[in-house]
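Q: I should like to learn how to read the features of a protein model one at a time. May we work through an example together?

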Amino acid sequence: MKPIATTRNLFSDFFNLFYPDICLACSQKLLKGETILCFRCESSLPQTGHYTNPENNLVKRFWGRVPVQSAAAFLQFNKQGVVQHLLHQLKYRGRKDAGEYIGKMFGYKLLEQNSIVQKPDLIVPVPLHWKKLKSRGYNQTDPFAQGLAQALNVPWSANALQRHRENISQTKKSRFERYSNVRGIFSVTNPQQLQNKHILLVDDVVTTGATSESCLQTILTIPGTTVSFVAIAQA
(Lines give C-alpha, C1' and ligand atoms only; values in the text may rest on other atoms or scores of the structure.)
Protein backbone atom coordinates (compact mmCIF):
# COMPACT_ATOMS: atom_id res chain seq x y z
CA MET A 1 0.00 0.00 0.00
CA LYS A 2 2.86 2.41 0.70
CA PRO A 3 4.10 2.60 -2.93
CA ILE A 4 0.55 3.45 -4.08
CA ALA A 5 0.18 6.16 -1.45
CA THR A 6 3.62 7.55 -2.36
CA THR A 7 2.70 7.63 -6.05
CA ARG A 8 -0.52 9.47 -5.28
CA ASN A 9 1.30 12.01 -3.13
CA LEU A 10 3.89 12.61 -5.86
CA PHE A 11 1.13 13.10 -8.43
CA SER A 12 -0.68 15.50 -6.11
CA ASP A 13 2.51 17.50 -5.50
CA PHE A 14 3.24 17.59 -9.25
CA PHE A 15 -0.31 18.74 -10.04
CA ASN A 16 -0.22 21.44 -7.36
CA LEU A 17 3.10 22.72 -8.72
CA PHE A 18 1.46 23.69 -12.02
CA TYR A 19 -2.14 24.19 -10.86
CA PRO A 20 -1.85 25.47 -7.29
CA ASP A 21 -4.84 26.38 -5.17
CA ILE A 22 -4.64 30.11 -4.68
CA CYS A 23 -6.05 32.48 -2.09
CA LEU A 24 -9.16 34.09 -3.52
CA ALA A 25 -8.26 37.42 -1.92
CA CYS A 26 -4.54 37.88 -2.70
CA SER A 27 -3.98 35.20 -5.39
CA GLN A 28 -0.99 33.73 -3.54
CA LYS A 29 -0.57 29.96 -3.46
CA LEU A 30 -2.34 28.35 -0.51
CA LEU A 31 -0.18 26.41 1.90
CA LYS A 32 -1.02 23.11 3.56
CA GLY A 33 -4.00 23.56 5.87
CA GLU A 34 -5.29 26.66 4.06
CA THR A 35 -8.53 26.66 2.05
CA ILE A 36 -10.20 29.48 0.11
CA LEU A 37 -8.17 32.14 1.97
CA CYS A 38 -4.61 32.13 3.20
CA PHE A 39 -4.18 32.59 6.93
CA ARG A 40 -2.84 36.11 6.39
CA CYS A 41 -5.88 37.29 4.41
CA GLU A 42 -8.35 35.54 6.70
CA SER A 43 -6.82 37.17 9.78
CA SER A 44 -6.84 40.59 8.11
CA LEU A 45 -10.46 40.52 6.91
CA PRO A 46 -12.03 43.90 7.81
CA GLN A 47 -14.77 42.66 10.13
CA THR A 48 -17.40 45.20 11.17
CA GLY A 49 -18.22 43.78 14.60
CA HIS A 50 -21.90 44.51 13.90
CA TYR A 51 -23.04 41.23 15.35
CA THR A 52 -22.15 42.36 18.88
CA ASN A 53 -23.56 45.90 18.60
CA PRO A 54 -27.38 46.30 18.77
CA GLU A 55 -27.05 49.89 17.53
CA ASN A 56 -24.60 49.33 14.68
CA ASN A 57 -24.75 51.59 11.65
CA LEU A 58 -26.47 48.94 9.50
CA VAL A 59 -29.40 48.31 11.82
CA LYS A 60 -29.84 52.09 12.10
CA ARG A 61 -30.59 52.19 8.36
CA PHE A 62 -33.78 50.25 9.05
CA TRP A 63 -34.94 52.32 12.04
CA GLY A 64 -38.36 53.83 11.32
CA ARG A 65 -38.61 51.86 8.07
CA VAL A 66 -38.64 48.12 8.88
CA PRO A 67 -39.01 46.57 12.37
CA VAL A 68 -35.99 44.26 12.16
CA GLN A 69 -35.01 42.21 15.18
CA SER A 70 -31.36 42.75 14.26
CA ALA A 71 -29.10 43.50 11.30
CA ALA A 72 -25.40 42.92 10.73
CA ALA A 73 -22.85 42.85 7.93
CA PHE A 74 -19.85 40.60 8.45
CA LEU A 75 -17.23 42.58 6.52
CA GLN A 76 -16.54 46.15 5.42
CA PHE A 77 -16.40 46.56 1.63
CA ASN A 78 -13.71 48.84 0.20
CA LYS A 79 -12.89 49.28 -3.49
CA GLN A 80 -9.83 47.29 -4.56
CA GLY A 81 -9.71 45.72 -1.12
CA VAL A 82 -9.57 42.10 -0.02
CA VAL A 83 -13.36 41.84 0.29
CA GLN A 84 -13.96 43.14 -3.23
CA HIS A 85 -11.58 40.56 -4.69
CA LEU A 86 -13.25 37.81 -2.70
CA LEU A 87 -16.76 38.84 -3.75
CA HIS A 88 -15.68 39.12 -7.38
CA GLN A 89 -14.62 35.47 -7.29
CA LEU A 90 -17.97 34.51 -5.76
CA LYS A 91 -20.13 36.59 -8.07
CA TYR A 92 -18.39 36.35 -11.44
CA ARG A 93 -15.90 33.46 -11.29
CA GLY A 94 -18.18 30.69 -10.12
CA ARG A 95 -16.45 30.27 -6.77
CA LYS A 96 -19.55 29.36 -4.80
CA ASP A 97 -17.30 27.68 -2.24
CA ALA A 98 -16.14 31.16 -1.20
CA GLY A 99 -19.69 32.15 -0.26
CA GLU A 100 -20.22 28.97 1.73
CA TYR A 101 -16.87 29.45 3.48
CA ILE A 102 -17.75 33.01 4.54
CA GLY A 103 -21.23 31.89 5.58
CA LYS A 104 -19.78 29.31 7.94
CA MET A 105 -17.29 31.81 9.36
CA PHE A 106 -20.02 34.32 10.10
CA GLY A 107 -22.47 31.68 11.25
CA TYR A 108 -20.14 30.47 14.00
CA LYS A 109 -19.75 34.04 15.21
CA LEU A 110 -23.52 34.45 15.34
CA LEU A 111 -23.62 31.49 17.73
CA GLU A 112 -21.46 33.32 20.25
CA GLN A 113 -23.09 34.42 23.49
CA ASN A 114 -22.72 38.13 22.76
CA SER A 115 -24.36 37.93 19.30
CA ILE A 116 -27.35 40.20 18.73
CA VAL A 117 -28.68 37.98 15.93
CA GLN A 118 -31.05 35.42 17.40
CA LYS A 119 -31.15 31.96 15.85
CA PRO A 120 -33.72 32.07 13.02
CA ASP A 121 -36.27 29.47 11.98
CA LEU A 122 -35.44 29.86 8.30
CA ILE A 123 -32.73 31.57 6.23
CA VAL A 124 -33.82 33.22 2.98
CA PRO A 125 -31.45 34.77 0.40
CA VAL A 126 -32.41 37.86 -1.60
CA PRO A 127 -33.48 36.39 -4.98
CA LEU A 128 -32.27 37.26 -8.46
CA HIS A 129 -34.61 37.86 -11.39
CA TRP A 130 -34.88 34.73 -13.54
CA LYS A 131 -33.11 36.39 -16.49
CA LYS A 132 -30.04 37.23 -14.40
CA LEU A 133 -30.17 33.82 -12.73
CA LYS A 134 -30.20 32.17 -16.14
CA SER A 135 -27.27 34.21 -17.47
CA ARG A 136 -25.13 33.83 -14.31
CA GLY A 137 -26.16 30.27 -13.58
CA TYR A 138 -26.64 30.75 -9.84
CA ASN A 139 -27.57 33.27 -7.17
CA GLN A 140 -24.32 34.35 -5.52
CA THR A 141 -26.14 34.78 -2.20
CA ASP A 142 -27.28 31.14 -2.07
CA PRO A 143 -23.89 29.70 -1.02
CA PHE A 144 -23.64 32.30 1.76
CA ALA A 145 -27.09 31.25 2.98
CA GLN A 146 -26.08 27.61 2.79
CA GLY A 147 -22.92 28.20 4.85
CA LEU A 148 -24.88 30.11 7.48
CA ALA A 149 -27.49 27.35 7.61
CA GLN A 150 -24.84 24.70 8.18
CA ALA A 151 -23.17 26.66 10.98
CA LEU A 152 -26.45 27.60 12.69
CA ASN A 153 -28.04 24.20 12.04
CA VAL A 154 -31.24 25.69 10.59
CA PRO A 155 -32.92 25.23 7.19
CA TRP A 156 -32.65 27.65 4.28
CA SER A 157 -34.78 28.16 1.19
CA ALA A 158 -33.61 29.41 -2.20
CA ASN A 159 -37.18 29.82 -3.46
CA ALA A 160 -39.06 31.44 -0.59
CA LEU A 161 -39.02 34.81 -2.37
CA GLN A 162 -39.46 35.67 -6.03
CA ARG A 163 -38.28 38.78 -7.91
CA HIS A 164 -40.88 39.87 -10.47
CA ARG A 165 -38.82 42.30 -12.48
CA GLU A 166 -35.18 43.00 -13.06
CA ASN A 167 -34.55 46.40 -11.54
CA ILE A 168 -32.25 48.87 -13.26
CA SER A 169 -28.74 49.19 -11.84
CA GLN A 170 -28.69 51.08 -8.55
CA THR A 171 -25.12 52.35 -8.90
CA LYS A 172 -25.79 55.91 -10.07
CA LYS A 173 -29.17 56.42 -8.44
CA SER A 174 -29.95 58.69 -5.52
CA ARG A 175 -31.15 57.18 -2.25
CA PHE A 176 -34.78 58.04 -3.06
CA GLU A 177 -34.49 56.61 -6.59
CA ARG A 178 -33.03 53.38 -5.19
CA TYR A 179 -36.01 52.84 -2.90
CA SER A 180 -38.47 53.62 -5.72
CA ASN A 181 -36.59 51.27 -8.04
CA VAL A 182 -37.18 48.18 -5.88
CA ARG A 183 -40.62 48.92 -4.42
CA GLY A 184 -43.00 46.00 -4.85
CA ILE A 185 -40.72 43.82 -6.98
CA PHE A 186 -40.71 40.82 -4.61
CA SER A 187 -43.36 38.33 -3.55
CA VAL A 188 -43.55 35.30 -1.24
CA THR A 189 -43.93 32.03 -3.15
CA ASN A 190 -45.25 29.90 -0.27
CA PRO A 191 -46.73 31.91 2.64
CA GLN A 192 -47.17 28.81 4.83
CA GLN A 193 -43.40 28.26 4.71
CA LEU A 194 -42.79 31.60 6.44
CA GLN A 195 -45.86 31.98 8.65
CA ASN A 196 -45.14 32.46 12.38
CA LYS A 197 -41.38 32.17 11.85
CA HIS A 198 -38.31 34.29 12.49
CA ILE A 199 -36.80 34.80 9.02
CA LEU A 200 -33.16 35.70 8.49
CA LEU A 201 -32.83 37.49 5.13
CA VAL A 202 -29.32 37.41 3.65
CA ASP A 203 -27.56 39.28 0.84
CA ASP A 204 -24.04 39.62 -0.49
CA VAL A 205 -23.43 43.39 -0.34
CA VAL A 206 -25.66 46.05 1.21
CA THR A 207 -25.33 49.73 0.28
CA THR A 208 -28.39 51.86 1.06
CA GLY A 209 -30.43 48.84 2.13
CA ALA A 210 -33.20 49.59 -0.40
CA THR A 211 -33.34 46.08 -1.87
CA SER A 212 -33.18 44.33 1.49
CA GLU A 213 -35.85 46.67 2.88
CA SER A 214 -38.21 45.75 0.05
CA CYS A 215 -37.62 42.04 0.71
CA LEU A 216 -38.13 42.44 4.46
CA GLN A 217 -41.37 44.36 3.99
CA THR A 218 -42.61 41.62 1.67
CA ILE A 219 -41.82 38.93 4.25
CA LEU A 220 -43.61 40.89 6.98
CA THR A 221 -46.88 40.75 5.04
CA ILE A 222 -47.08 37.10 6.13
CA PRO A 223 -48.85 36.73 9.51
CA GLY A 224 -46.66 36.08 12.54
CA THR A 225 -43.32 36.69 10.86
CA THR A 226 -40.38 38.50 12.43
CA VAL A 227 -37.25 39.41 10.48
CA SER A 228 -33.52 39.91 10.82
CA PHE A 229 -30.97 40.70 8.14
CA VAL A 230 -27.31 39.90 7.53
CA ALA A 231 -24.95 40.48 4.60
CA ILE A 232 -21.47 39.38 3.67
CA ALA A 233 -20.35 42.99 3.39
CA GLN A 234 -21.43 46.58 3.82
CA ALA A 235 -20.37 49.20 1.32
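Q: Leaving aside its neighbours within four places in sequence, with which residues is Asn139 in contact?

A: This is a predicted model, and the answer should be read in that light. Beyond four places in sequence, Asn139 is in contact with Pro125, Val126, Pro127, Leu128 and Leu133. Asn139 itself is placed in the loop between α6 (130-136) and α7.

Q: Is Asn139 buried or exposed?

A: Asn139 counts as buried, because its relative accessibility is 5%, and buried means under 20%. One may also look at separation along the chain: Asn139 and Lys91 are 48 residues apart in sequence, yet their C-alpha atoms are 8.2 Å apart in space.

Q: How should I read a sheet, and what is the strand order here?

A: Strands of a sheet pair through backbone hydrogen bonds, either parallel or antiparallel. In this model, four strands form an open sheet in the order β1-β6-β5-β2, with parallel pairing. The edges are β1 (71-76) and β2 (122-125); each has a single partner strand, so one side of each lacks a neighbour in the sheet. From one strand to the next, the twist averages 20 degrees.

Q: How many bridges join β5 to β6, and how many join β2 to β5?

A: Eight bridges join β5 (residues 198-206) to β6 (residues 226-234); one of the pairings is that of His198 with Thr226 in β6. Four bridges join β2 to β5, and Val124 has Leu201 of β5 as its bridge partner. Within β2, Leu122 and Val124 point one way and Ile123 and Pro125 the other way, and all are buried.

Q: Which helix lies across β5 and β6, and at what angle does this helix run to β5?

A: Helix α10 (residues 210-219) lies across these two strands, at about 165 degrees to β5. Nine of the 10 residues of α10 are buried, so this helix is largely enclosed by the rest of the structure. Among the buried residues are Ala210, Glu213, Cys215 and Ile219.

Q: How is the packing of two helices described, and how do α5 and α7 pack?

A: Two packed helices are described by the angle between their axes and the distance between the axes. Helix α5 (residues 96-110) and helix α7 (residues 141-152) pack at about 35 degrees, with axes 6 Å apart. The crossing of α5 past α7 is right-handed. Contributors to the contact include Gly99, Gly103 and Phe106 of α5, together with Phe144, Gly147 and Leu148 of α7. By type, the residues of this contact divide into nine nonpolar, six polar and three charged.

Q: What should I look for in a nonpolar core, and which residues have the most contacts inside the largest one?

A: In soluble globular proteins, nonpolar side chains tend to be buried together. The largest nonpolar core of this model has 38 residues, and Phe106, Ile123 and Val230 have the most contacts inside it. Two or more residues come from each of β1, α4, α5, α7, β5 and β6. Helix α5 gives the most, with six residues.

Q: What surrounds Phe106, beyond its neighbours within four places in sequence?

A: Phe106 is in contact with Tyr51, Ala72, Ala73, Phe74, Phe144, Leu148, Val230 and Ala231. Apart from the core that holds Phe106 lies another, of 26 residues, among them Leu161, Leu201, Cys215 and Ile222.

How values were computed:
Residues are numbered from 1 along each chain as its sequence is written. This is a predicted model: local features need pLDDT of at least 70, side-chain atom pairs count only at pLDDT 80 or more; totals for chains, interfaces and linings use all residues. Side-chain values use heavy atoms; hydrogens and water are left out. Two strands pair if DSSP finds at least two bridges between them. Axes are lines fitted to C-alpha atoms, for helices over the stretch in contact, and angles run from 0 to 180 degrees between N-to-C directions. Contact means heavy atoms within 4.5 Å. A crossing is left-handed if the near helix is turned anticlockwise from the far one by less than a right angle, and right-handed if clockwise. Ala, Val, Leu, Ile, Met, Phe, Trp, Tyr, Cys and Pro count as nonpolar, Asp, Glu, Lys and Arg as charged, and the others, Gly among them, as polar. A nonpolar core is a set of buried Ala, Val, Leu, Ile, Met, Phe, Trp, Tyr and Cys residues joined through side-chain atoms within 4.5 Å. Buried means under 20% relative accessible area, exposed over 50%, partly exposed in between (1.4 Å probe, protein chains only).
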